[in-house]
Amino acid sequence: MSTTQPLFQHHKHCDEIFADAEAACANGDWVAGATAFADFAGQLETHFKSEEEVLFPAFESATGMVSGPTEVMRGEHRQMRELLAQMKQALDERDGDGFGGTAETLLIMMQQHNMKEENILYPMCDNALGASDVGATIAQRLAGA
Amino acid sequence: MHPNLSFEQAPPISVPYRFFLAAPWFGVLAGVLLAWAGGDALGSRWTPEALALTHLIAAGFMLQAMSGAMFQFIPVAVGGNVWRSLLVANVVQPLLLLGALLLVAGFLFSAPVLLRAAVPALLLGVGIVVTAVLFALWRTPATGMTLWTMRIAVAGLAVTVLLGSLLAEALARGLPLPLIELTNIHLAWGLGGWALMLVAAVSYFVVPMFQLTHPYPLWFARGFGPALLLAVTAWSVLWFVGDAPYARGVGLPLALLCAGFAAMTLWLQFTRRRKVDDATSLNFRVAMLALFAFGVSVAAIVAFPELADDPRATVWLGMLAFPGVFVSTISGMMYKIAPFLNWLHLQRLGAPISAVPNMKKMISADAMTAQFRLHVLALLLLLASVWLPSLVRAAGIMFAGSCVWLGWNLISAVNSYRRFRDQIRANVLRC
Ligand SMILES: [Fe+2]
Ligand SMILES: [Fe+2]
């Protein structure tokens with residue numbers, strides 16, 4: 001298993017619970033929507049933290065690239081956290097249009113972000129961190145969430 | 001050198017928008033032409049009206065929209081950077097607009113001088129786009145099948161336009177060239193080597209992304225583009241050496257590839273995780289149904305060649321391909337790209353994300369779905385009118401109306417962008 005394999009799989013898991021939350025809120029089922037959204041937001045936060053606290057620092061110290069791609073990814077995490085906060089607010093206000101529109105925005109943002117990681121950054125990390133135990137640490141974190 | 005992962009190299013918003021805003025109005029012209037010409041226009045693929053209609057959609061609607069999409073898509077999807085995209089767009093778009101209109105007028109009025117005038121404009125315009133885009137596609141550090149399939153598609157565009165220019169010159173000057181064979185080759189490169197190839201490249205990227213489907217299986221994404229290229233090449237070679245029966249035989253693998261791509265995409269949509277439908281997913285579904293019907297129809301014509309004795313059989317194929325597959329796909333794509341472009345550029349203005357209106361505030365969802373319904377109605381009428389000439393005028397009016405609405409929805413997206421931009425700027429200044 002490569003270093004970033006757990007993160008790669010976790011992207012798919014986040015997609016699935018995103019779809020559940022979106023569908024429930026689109027159907028006006030706010031109770032189920034709130035549960036699914038809380039799950040989604042929690043999983044995504046765990047994912048971001050695993051990257052920011054484990055993967056990125058390991059990559060940066062192994063390669064010396066401090067202000068490169070990892071910095072761009074951190075910036076996008078920040079944007080996605082703001083969108084999550086907006087979704088939470090719309091959910092609390094039972095604002096279906098607001099929730100759906102922000103969900104749509106977050107989805108595209110998140111998909112592009114994931115694709116950049118999966119196609120470019122993760123392969124770079126696998127190269128740089130092949131022999132380390134970073135992958136195991138990440139897998140533990142994601143499993144514990 | 002490490003790849004730049006930010007969107008900072010995405011072109012100014014006016015670059016893709018100018019192409020998206022122009023595209024639908026070629027569809028409007030096509031609808032008006034059909035309504036004006038009436039029943040005889042669709043008698044065969046060789047009537048002046050049919051040739052003009054085909055090129056209004058192909059060299060007008062499709063070329064505009066697909067050029068704009070490439071400028072936007074290449075930086076975002078494959079990390080390439082189109083050199084001086086604003087300058088390139090400033091030069092290229094007038095050439096493409098002029099070339100398309102001259103070409104269409106040349107066909108419609110059977111005017112050799114207009115056909116010959118169209119050639120340099122299109123050659124130059126497309127030549128610049130192809131060079132700029134291929135350069136960007138070659139320098140990117142990214143890999144993957146979207147990238148490779150796009151490279152093939154852009155080369156396919158070059159071949160299409162070179163063959164088209166040759167045909168236009170031959171037609172205008174009465175050169176002794178095998179026009180029918182060359183047209184068949186030109187058509188296969190335009191529809192298969194360029195347009196469907198580009199749709200495939202973009203679909204590998206956007207279908208999983210917008211609808212949370214599974215990715216296209218790796219064997220499929222690796223095999224489809226090269227197989228399509230191979231089939232189009234075999235078709236061209238056989239027509240070129242004048243072996244019509246074998247060339248028609250290659251129609252079968254081509255039909256299978258079309259139907260296979262459609263079936264795969266429909267299957268991915270059917271098993272997707274995201275349950276919410278919108279104008280983009282609906283347009284894609286219609287496009288793939290039309291592509292499947294196109295494949296089945298081509299296979300039927302290969303199996304029963306007597307079907308092709310009726311010249312309307314080819315018109316039927318054209319109706320499935322142009323308004324059915326490509327106008328639908330492009331409409332769906334523009335309905336997703338425009339709102340995202342707005343959001344992307346607005347959030348760069350420096351306001352907190354919470355102050356940036358979400359994607360659904362850019363074009364009214366109801367207006368998009370209603371326009372989609374009208375498009376489907378127009379498409380059904382167009383398909384029926386191939387066999388029932390009395391319906392041609394109604395189909396033309398309906399299609400023109402649908403394209404006006406599409407154009408209007410895109411204008412409203414630009415208006416939303418301007419309004420929100422001014423609001424955000426005013427707020428940023430106040431803070
Ligand atoms: Fe990330
Ligand atoms: Fe990630």
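This report walks through a predicted model of two protein chains with two iron ions, starting at the metals and moving outwards.

**The two irons**

Let's start with the iron ion (ligand 1). Four residues coordinate it, namely A:Glu51 (OE), A:His77 (NE2), A:His113 (NE2) and A:Glu117 (OE), at 1.9 to 2.2 Å. If you walk along the sequence, those donors turn up with the spacing E-x25-H-x35-H-x3-E. The angles among the 4 donor atoms run from 83 to 174°, and the site is irregular. That label makes sense because four donors count as tetrahedral if all angles lie between 85 and 135 degrees, and as square planar if opposite donors are over 155 degrees apart and all others between 65 and 115; anything else is irregular.

What sits 3.2 Å from this ion? The iron ion (ligand 2) does, and A:Glu51 coordinates both. Two of the donors also link distant parts of the chain: A:His77 belongs to helix 3 (residues 69–92) of chain A, while A:His113 belongs to helix 4 (residues 96–129) of chain A, 36 residues apart.

Now for the iron ion (ligand 2). Its protein donors are A:His11 (NE2), A:His47 (NE2), A:Glu51 (OE), A:Glu117 (OE) and A:Tyr122 (OH), and they lie 2.0 to 2.4 Å from the ion. Along the chain they follow the spacing H-x35-H-x3-E-x65-E-x4-Y. Here A:Glu51 comes from helix 2 of chain A and A:Tyr122 from helix 4 of chain A, so this pair ties together parts that are 71 residues apart in sequence.

Are these donors buried or exposed? A:His77 is buried, with a relative accessible area of 0%. A:Glu51 is buried too, at 0%. A:His113 comes in at 1% and counts as buried, and A:Tyr122 is buried at 2%.

**A neighbour in helix 3**

Helix 3 of chain A also holds A:Thr70. This residue counts as buried, because its relative accessibility is 0%. Leaving out residues up to four places away in sequence, A:Thr70 touches A:Phe56, A:Phe59, A:Glu60 and A:Met65.

**Salt bridges**

Over all chains, the structure holds 21 salt bridges. Here are a few of them, with the N to O distance for each pair:

| Pair | N to O distance |
|---|---|
| A:Glu45 and A:Lys49 | 3.4 Å |
| A:Asp92 and A:Lys88 | 3.1 Å |
| B:Arg116 and B:Glu169 | 3.5 Å |
| B:Lys275 and A:Asp20 | 2.9 Å |

Take A:Glu45 and A:Lys49: both lie in helix 2 (residues 30–63) of chain A, 4 residues apart, which is about one turn of the helix. Why does that spacing suit a pair of side chains? An α-helix has 3.6 residues a turn, so residues three or four places apart point the same way. A:Glu45 is partly exposed, at 23%, and A:Lys49 is partly exposed as well, at 36%. A:Asp92 and A:Lys88 are likewise 4 residues apart, this time in helix 3 of chain A, and so are separated by about one helical turn. A:Lys88 is partly exposed, with a relative accessible area of 40%.

The bridge between B:Arg116 and B:Glu169 joins two helices. B:Arg116 is in helix 4 (residues 112–139) of chain B and B:Glu169 in helix 5 (residues 145–173) of chain B, so the pair ties together parts that are 53 residues apart in sequence. B:Arg116 is partly exposed at 39%, whereas B:Glu169 counts as buried at 15%. Some salt bridges share partners, and in this way A:Glu22, A:Glu104, B:Arg274, B:Asp278 and B:Lys336 are joined into one network.

**A bent helix in chain B**

Which helix bends at B:Leu63? Helix 2 (residues 48–78) of chain B does, by about 35°. Of its 31 residues, 26 are buried, so this helix is largely enclosed by the rest of the structure. Just after helix 2 of chain B comes B:Gly79, which has a positive phi, near 65°.

**Where the chains meet**

Finally, look at the place where the two chains come together. In all, 36 residues of chain A are in contact with 27 residues of chain B. The size of an interface is often given as the accessible area lost when the parts come together. Chain A and chain B bury about 2900 Å² between them, and 68% of that is on carbon and sulfur atoms. A:Glu104, A:Ile108 and A:Gln112 supply 19% of the area that chain A buries against chain B, more than any other three residues. Across this interface there are 6 salt bridges.

Technical notes
Residues are numbered from 1 along each chain as its sequence is written. Chains are lettered from A and ligands numbered from 1 in the order in which they are written. This is a predicted model: local features need pLDDT of at least 70, side-chain atom pairs count only at pLDDT 80 or more; totals for chains, interfaces and linings use all residues. Side-chain values use heavy atoms; hydrogens and water are left out. Donors are N, O and S atoms within 2.8 Å of the metal (3.2 Å for Na, K and Ca); water is not among the atoms, so sites may look incomplete. Four donors count as tetrahedral if all angles lie between 85 and 135 degrees; four count as square planar and six as octahedral if opposite donors are over 155 degrees apart and all others between 65 and 115; anything else is irregular. Buried means under 20% relative accessible area, exposed over 50%, partly exposed in between (1.4 Å probe, protein chains only). A salt bridge is a side-chain nitrogen of Lys or Arg within 4 Å of a carboxyl oxygen of Asp or Glu. The bend at a residue is the angle between axes fitted to the seven residues ending there and the seven starting there. Contact means heavy atoms within 4.5 Å. Buried area is the accessible area (1.4 Å probe) that two parts lose on being put together, summed over both.
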